[in-house]
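I set out to look up how confident the prediction is along the chain, what makes up the main nonpolar core, and how one serine is placed. My notes follow in that order.

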Amino acid sequence: MRWLFALGSMQNPSAHENTDLQPRVPHEEQNYGATAARVRRGPQVPVSRNSPAKRDYLIVGVLCYANLINFMDWFIVPGILLDIQKYFELRDEGAGLLQTVFILCYMLAAPFFGYLGDRYNRKVILGAGIFFWSAVTLGTSFISESYCWIFFLSRGLVGIGTASYSTVAPTIIADRFDEGKRTTMLSVFYICIPVGSGLGYVLASSMAHVTGDWHWAFRVTPCMGGLALVLLILLVPRRVQRRTEAHRALSIHGSSRVAAEKPGAQGDAKTSWCQDITSLGKNWSFVWSSLGLTAMAFVTGALGLWVPMFLYRAQVALGIVQQCLEKSCNSSNSLIFGGITIGTGILGVIAGAEAARRLRKTNSRADPLICATSMFVSSLCLYVAIMVAQKNILSTFIFIAFGELFLSVNWAVVTDILLYVVTPRRQSTAIALQILASHLLGDAGSPYLIGMISSAIQAKKDQSFQWSFCSLQYSFIICVFVGVFGGVFFLLTSFYIEEDRKEAEQL
């Protein structure tokens, strides 16, 4: 989700772009995907092929580090959900609402920051966001049990802070690299989603275990956020040159073929926010892939909050562990699930990016087809994991790992789809809209919905751990159906992606 690539002077990362070109590609050649876009014939425009400067890689490192902290903060609560649920005496419905409040605020703030990111200094926006969410997270660690509503409010404020980062940071990476390197750098950036999520579980459960108090889990990432802010100030230039329409459609052979730009062309024209929204609404590849991402978000949001609790209840029901009556409970499930999230996330993102890179050379619809296949396989694995939990916990862990692996395949691929079907001047707005839609219909409601269904099922019988496990098990089935719908949405994307890519290249 970013501008296509940046060709700034390597000595000065914020300098104007170098447009000295060396055309080499024959007219009849065609390439596919974000790494080798198919472009229309026209006057050849030279593209600088200088290697990225070392500072570009340092900038990516800083942004990836901050993204890691971003997602650690997302998943601190799920890592110690059992402790928080006991501390504030929350039912499943209330526990699910915690994550819903966080994501709702994140979602509603995203379009605002997308608008700012397209028009104002992005470094200032990133710095303010990191400071704000780190400060609020630290404040969360001092909330007592009599102020449950403040805890909910603080999670919402953290969501607003993280929205400023997730919307703007990827566009800076896209502005520093050409298309070949860009896909690799975006893959690294998006590996931080599962790695940060997994580390959030590990950090939360480890701090609760070591200190005997879950509040300490919220006191580590603010220190890391302070370091990220210092690195941002020192290493990221105040202004990053944005992509122009002349530097587009780079082929795998290193040259570009686009129509010569004329003064006053549409590429230089300012458009209103309403015009951007209308244009994106007519882009069916963007619409269907966003709905596919929404299904992914629904499933990952529900799994992210409830899997450690589901595994704990399954173990109690099977007699493997005893019911926790202490202030700080056994956190082994959070630790294991955090490790699974990290491992499958790294492997999945790398595998997805590599599969897309290879298959794009022979199939122009490879990206959405990869996403569709991954969603179908992931849904099957999750269904098996849910069903075998009442018999074999080890098998449940294995199938959950495979389900997460195939979900992770899609992260970088979905991002790249948006990049080459949306014109650069609308990409921050497109990112913000995709965040809004995927969270509004996805993980903003799924944790609460699972908790609400579980609480409703539990109310039908007397309270018991066997029944509390079954209620959560039945609730999880909805994730399987949503995953299948996500696969269908990506299949629909494949019908429109060639046409929308061509249109984006011609604007």
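I first noted that pLDDT is the predictor's confidence in each residue, on a scale from 0 to 100, since what I have here is a predicted model. With that in mind I looked at residues 244-268, where pLDDT stays under 50 and for which the model has 81 contacts beyond four places in sequence.

For the chain I found a mean pLDDT of 79, with 81% of the residues at 70 or more. Confidence is lowest in strand β2 (residues 256-257), where the mean is 32, and highest in α12, where it is 94. I also noted that pLDDT is below 50 over residues 1-50, a stretch that nevertheless has 183 contacts in the model beyond near neighbours in sequence.

Next I turned to the largest nonpolar core, which has 129 residues, and found that L63, I80, F151, Y165, W306 and F476 touch the most other members. Helix α10 (residues 284-317) gives the largest share of this core, 17 residues. Domain 1 (52-240) and domain 2 (278-506) both contribute residues, so the core lies between them. Leaving out residues up to four places away in sequence, I listed what Y165 touches, including L63, W133, P170 and F189.

Last, I looked up S364, which is found in the loop between α11 (332-359) and α12 (366-388). Is S364 buried or exposed? Its relative accessible area is 9%, so I recorded S364 as buried, the cut-off being under 20%. The side chain of S364 makes a polar contact of 2.4 Å with the side chain of E498. I also noted that S364 and S494, 130 residues apart in sequence, are 8.9 Å apart in space from C-alpha to C-alpha.

Key
Residues are numbered from 1 along each chain as its sequence is written. This is a predicted model: local features need pLDDT of at least 70, side-chain atom pairs count only at pLDDT 80 or more; totals for chains, interfaces and linings use all residues. Side-chain values use heavy atoms; hydrogens and water are left out. Helices (H or I, at least four residues) and strands (E, at least two) are DSSP runs, numbered from the N terminus. Buried means under 20% relative accessible area, exposed over 50%, partly exposed in between (1.4 Å probe, protein chains only). A polar contact is a pair of N or O atoms within 3.5 Å; within protein, one must be able to donate a hydrogen and the other to accept it, and residues adjacent in sequence count only if both atoms are side-chain atoms. A nonpolar core is a set of buried Ala, Val, Leu, Ile, Met, Phe, Trp, Tyr and Cys residues joined through side-chain atoms within 4.5 Å. Domain bounds come from an automatic or database domain assignment. Contact means heavy atoms within 4.5 Å.
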